[in-house]
Amino acid sequence: MSGPALTLMVRSAVGVVVDRAVQSVTAEDESGWFGIFPGRSDLVAVLPPGILVFRDADAEGFVAASGGILDLRGARCRVLCHDALWSRDLDAISADVARFVAARRKRHGVGADIVDQLVREALRRMAGAERA
């Protein structure tokens, strides 16, 4: 491949988390994992809480998201979700998620159990992806 041909944008409730040129995206919906490469036909997918993986010119990146909608139109892949964090290091993202949850719990208090459930599900899916 000569270079990135897709644009990935991940937007959470607080703003844009990722907006970059990428070579590929790997995501999961209820039917399992799927890949997005340049030239793939348009699609819309409902994403459960979990991990989205992308490859750009630098390396792989990982987005922990609370679930959401993935919309691929042409060369633009958009993911809309309530909460998302990204990292280059898959191991480090779990620590990032834990810090995020602690800060959110401190700010919001009520509803923290819902966030805890989302985090547990995202971490469960991360562990499953590592074993696969």
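**Burial of F54 and its aromatic pairing in a predicted model**

In this predicted model, F54 has a relative accessible area of 1% and is therefore buried, the cut-off for that class being under 20%. F54 belongs to strand β6, which spans residues 50–55.

A search of the whole structure returned one aromatic pair. This pair is formed by F54 and W86, whose ring centres are separated by 5.8 Å. The ring planes meet at 50°, and the arrangement is therefore classed as tilted, since stacked pairs have planes under 30 degrees apart and edge-to-face pairs over 60. W86 is located in strand β10 (residues 84–87), so the pair ties together parts that lie 32 residues apart in sequence. Whereas F54 is buried, W86 is partly exposed, with a relative accessible area of 30%.

Both strands that contribute to the aromatic pair, β6 and β10, are members of an open sheet of five strands, arranged in the order β4-β3-β6-β7-β10 with antiparallel pairing. Strands β4 (32–36) and β10 form the edges, each pairing on one side only. From one strand to the next, the twist averages 20°. The partner of β10 is β7 (residues 60–65), and the two are joined in the antiparallel sense over four bridges. Within these strands, A64 is positioned opposite L85 of β10.

The loop between β9 (76–80) and β10 contains D83. With a relative accessible area of 13%, D83 falls under the 20% limit and is therefore buried. Its side chain makes a polar contact of 3.1 Å with the side chain of H82.

Nonpolar packing was examined next. The largest nonpolar core comprises 22 residues, and those with the most contacts inside it are L8, V10, F34, I36, L47, L52 and L70. When neighbours within four places in sequence are left aside, L52 is in contact with L8, V25, T26, A27, L47, G61, F62, V63, L70 and V79. A second core, separate from the largest, consists of eight residues, among them I51, F62, A64 and V101. F62 thus appears among the contacts of L52 while being included in the second core. A64, also a member of that second core, is the residue that stands opposite L85 in β10.

Note on methods: Residues numbered from 1 in each chain as written. Predicted model: local features only at pLDDT ≥ 70, side-chain atom pairs only at ≥ 80, totals over all residues. Heavy atoms only, no water. Phe/Tyr/Trp six-rings, centres within 6.5 Å; stacked < 30°, edge-to-face > 60°. Buried < 20%, exposed > 50% of the residue type's maximum accessible area, 1.4 Å probe, protein only. Polar contact = N/O pair within 3.5 Å; in protein donor to acceptor, adjacent residues only side chain to side chain. Pairing = 2+ DSSP bridges. Axes fitted to C-alpha atoms, helices over the stretch in contact; angles between N-to-C directions. Core = buried A, V, L, I, M, F, W, Y, C linked by side-chain atoms within 4.5 Å. Contact = heavy atoms within 4.5 Å.
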